[in-house]
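Thanks for coming. I will walk through one structure today, starting with a single residue and working outward to the whole fold.

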Amino acid sequence: MQRVQGWIGRKDRFPVAIDAVVHRADGSTASVRLTDFSEEGCRMEGEDFHIGEKVRIDVPRLGPMDAQVRWALPGSAGTRFLTKVEA
C-alpha cells in the first residue's frame, strides 16, 4: 500500500468478529462487535462514540484493555490501545 504525504502509519489490522463489552467513563456499558484488531488498536461496531473518549474494552480471552477513540462515525469507531502510563 502506498502512503499519502502526511499519512500516519499504523500496524496492519486483521479482520475479526468478536463480541465485546465497552465500559465508558460515565459508568455505562455498551455491547459492541470488534471487526478488526491489531496489537495497537481495533474497530468497534454497534454504538456511537466520541473522538478522544477513553474506554475500557473487555475482550474475550484477552481481558480488559484501555483504549482511546481516534475516529468515530455513527455506529462505529476506531481505537488505539493505551499503555498503563496513558490510561
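**One loop residue, then the barrel**

At 45% relative accessibility, P60 counts as partly exposed. Keep in mind throughout that this is a predicted model. P60 sits in the loop between β4 and β5. What does P60 touch, once neighbours within four places in sequence are left aside? The contacts are I18, D19 and A20. Take A20: 40 residues separate A20 from P60 in sequence, but C-alpha to C-alpha they are 6.8 Å apart.

Now the strands on either side of that loop. Strand β4 covers residues 54-59 and strand β5 covers residues 63-73; they run antiparallel, joined by six bridges. One pairing to look for is I57 with M65 in β5. The two strands make a hairpin with three residues between them, and in the turn R61 has a positive phi of about 75 degrees.

Moving along the chain, β5 is also joined to strand β6, residues 76-81, again antiparallel and by six bridges. Here A72 stands opposite A77 in β6. This hairpin has two residues between the strands, and G75 takes a positive phi near 85 degrees.

β6 has another partner. It pairs with β3 in the antiparallel sense, over five bridges. The bridge partner of E45 in β6 is S76.

How are the strands ordered overall? They form a closed barrel of six strands, in the order β1-β2-β3-β6-β5-β4, with antiparallel pairing. On average, neighbouring strands of this sheet are turned by 45 degrees against each other, direction ignored.

Next, the nonpolar residues. The largest nonpolar core has 15 residues. Those with the most contacts inside this core are V22, V32, L34, C42, M44, F49 and I57. At least two core residues come from each of β1 (14-24), β2 (29-37), β3 (41-45), β4, β5 and β6. I57 we have already met, as the partner of M65. For V32, leaving aside neighbours within four places in sequence, the contacts are I18, D19, A20, V22, M44, E45, E47 and F49. I18, D19 and A20 are also the residues that P60 contacts.

Then there is a charged residue to look at. R24 lies in strand β1. Is R24 buried or exposed? R24 counts as buried, because its relative accessibility is 16% and the cut-off for buried is under 20%. Not counting residues up to four places away in sequence, R24 touches E47, D48, F49 and E53. For D48 there is a distance to give: its backbone oxygen lies 2.7 Å from a polar atom of the R24 side chain. F49, another of these contacts, is also among the core residues with the most contacts.

Last, the aromatics. How many aromatic pairs does a search of the whole structure find? It finds one. The pair is F37 and F81, and it is tilted, with 5.4 Å centre to centre and 50 degrees between the planes. F37 is in strand β2 and F81 in strand β6, 44 residues apart, so the pair links distant parts of the chain. F37 is buried, with a relative accessible area of 16%. F81 is buried as well, at 10%.

To close, go back to the picture and trace the closed barrel of six strands once more, then find P60 in its loop between β4 and β5.

How values were computed
Residues numbered from 1 in each chain as written. Predicted model: local features only at pLDDT ≥ 70, side-chain atom pairs only at ≥ 80, totals over all residues. Heavy atoms only, no water. Pairing = 2+ DSSP bridges. Helix = DSSP H or I, 4+ residues; strand = E, 2+ residues; numbered from the N terminus. Core = buried A, V, L, I, M, F, W, Y, C linked by side-chain atoms within 4.5 Å. Buried < 20%, exposed > 50% of the residue type's maximum accessible area, 1.4 Å probe, protein only. Contact = heavy atoms within 4.5 Å. Axes fitted to C-alpha atoms, helices over the stretch in contact; angles between N-to-C directions. Polar contact = N/O pair within 3.5 Å; in protein donor to acceptor, adjacent residues only side chain to side chain. Phe/Tyr/Trp six-rings, centres within 6.5 Å; stacked < 30°, edge-to-face > 60°.
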